[in-house]
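Trainee: Could you take a close look at one part of this chain with me? I would like to follow a single pairing and then see what lies around it.

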Amino acid sequence: MATAKDPNPRPVRTSSSFSRNPSSPSAAPASPPVPGVKPGPSGAAFVSSGIPDLDKILGGGFLLGSVVMVMEDADAPHHLLLLRNFMSQGIVHRQPLLFASPAEDPRAFLGTLPSPVSSSKEERQRAPGLDPDAKDKEKGLRIAWQYKKYFGERQVPELHNRGIEQDFSNDFDLRKPLERQMFRTQQIDCVSIQDTANLAVLHEHCSTFLSDLTRNEGCNVNAGRIAIQSLCAPQCGYSELDWDMVSFIRSLRAMIRCSNAVAVITFPTSVLSPSFSKRWQHLADTLLSVRAMPDEDKELAKLLTGYQDMVGLLHVHKVSQINTQVPVILEATTFSLKLQKRRSLILERLNQAPVDASSGTSYATSGSCSGSSKGSPLDF
């Protein structure tokens, strides 16, 4: 029996496989940002090193889930400058901190941590961490606050997020210690590795510390910081156990990878053998080295401008790469470490001295590729 056809057929809606699922995580509202953490490319996140100039050089700061290693100088403890700023930045952001030191009382080291520089109006205008249009951003924040009652909180989330970058990294006054009241409300664990026979105690502290900072998708956990001073110091009982120290770094690196934390380890290269020193450098995600400036080096003073203001040199050997295969190429790898107004650490590129007035020649052109002293098209 034939059925009658509908004279006005209705169009059939076909469901596409690319239709948006309202319950998908991408459609969920974005979670609030974590204080002291700045998002980066390819899902990476940064925490500040405590030195704004170093954050710029590294492309944003120290990557979460990475191990930063600093090679110490045997002549001067300049590595402590980097370590103090790193720890103070974490305390300012109220981030959990684990500090290990070969000293008998590591908690006494907290009394040497610098305090943030007071942000006066003049300092905000010349702050290196601010963008050139920082005034426009601050103006936008004031406008957002005034019109918040008219447009609601959903209309101005971008303006509030812009202010987070301004507090991401602070300048610290090395002459002024951090207030003791900030240590009382902080999660700070101090471990002494002096005269310890093995690294089991330090490994247990790191494992317990990182267990509360597990990285979970869609859940923001506060970032943690691990600072280990002079891991292979001679006063440590395990200083001659080279393979045990390598195994500890590998294990710590594996635990850091799946956590919201950054570990900074300083070590004296003079204690290690050349082969094991290379192994340590290979295990580092970000590798830095500091070197003190000689007191009286007349040849170096002629080559570099501002030699009298230099405290030391910082060399960037390797920059961490996570979730990317694009190599990081820096415009310069060696920077001068200076004290701005004798209180704040700044990094500057090395500049060659101008033309020598006595000889009329420049140091930039004195070492030419041609063997003759006369000028030629091949000289540069």
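Trainee: Which residue in strand 2 is the bridge partner of Pro39?

Mentor: Happy to. The partner of Pro39 is Ala45, in strand 2. Please keep in mind that this is a predicted model. Strand 1 and strand 2, the latter made of residues 45-47, pair in the antiparallel sense, with 3 bridges between them. They belong to an open sheet of 3 strands, ordered 1-2-3 and paired antiparallel. Its edges are strand 1 (37-39) and strand 3 (62-63), each of which pairs on one side only. As background, strands in a sheet are held in pairs by backbone hydrogen bonds, in a parallel or an antiparallel sense.

Both edge strands can be followed outward through their side chains. From the stretch 37-39 that forms strand 1, take Lys38: its charged end sits over the ring of Phe168, 4.5 Å from the ring centre. At the other edge, Phe62 forms a tilted aromatic pair with Phe86, 5.9 Å centre to centre and with 50° between the planes. Phe62 is in strand 3 while Phe86 is in helix 2 (residues 79-92), so this pair ties together parts that are 24 residues apart in sequence. Both Phe62 and Phe86 are buried.

The aromatic pairs in the model number 4, and another of them leads us to helix 9. The ring centres of Trp243 and Phe276 are 5.0 Å apart with the planes at 75°; because that angle is over 60 degrees, the pair counts as edge-to-face. Trp243 belongs to helix 9 and Phe276 to helix 10, so the contact links parts 33 residues apart in sequence. Trp243 is partly exposed, at 48% relative accessibility, whereas Phe276 is buried at 10%. The ring of Phe276 also has the charged end of Arg279 over it, 5.7 Å from the centre.

Helix 9 allows a simple geometric check. It has 16 residues, 242-257, which at 1.5 Å a residue should span 22 Å; the C-alpha atoms at its ends are 23 Å apart, so the two values agree. Its buried residues are Met245, Val246, Phe248, Ile249, Leu252, Met255 and Ile256. In general, an α-helix has 3.6 residues a turn, so residues three or four places apart point the same way. The cover over the buried residues of helix 9 includes strand 4 (67-72), helix 8 (200-211), strand 9 (224-228), strand 10 (261-268) and helix 10 (274-283).

Leu231, in the loop between strand 9 and helix 9, adds to this picture. With a relative accessible area of 0%, Leu231 counts as buried, because the limit is under 20%. Among the residues that Leu231 touches are Met245, Phe248 and Ile249, along with Leu202, Ile265 and Trp280. Leu231 and Pro102 are 129 residues apart in sequence, yet their C-alpha atoms are 7.7 Å apart in space.

To place these details in the whole, the chain has 12 helices and 14 strands, and 42% of its 380 residues count as buried. Of the contacts between residues at least 6 apart in sequence, 75% join residues at least 24 apart.

Notes
Residues numbered from 1 in each chain as written. Predicted model: local features only at pLDDT ≥ 70, side-chain atom pairs only at ≥ 80, totals over all residues. Heavy atoms only, no water. Helix = DSSP H or I, 4+ residues; strand = E, 2+ residues; numbered from the N terminus. Expected span 1.5 Å × (residues − 1). Buried < 20%, exposed > 50% of the residue type's maximum accessible area, 1.4 Å probe, protein only. Contact = heavy atoms within 4.5 Å. Pairing = 2+ DSSP bridges. Phe/Tyr/Trp six-rings, centres within 6.5 Å; stacked < 30°, edge-to-face > 60°. Lys NZ or Arg CZ within 6 Å of the ring centre and 35° of its normal.
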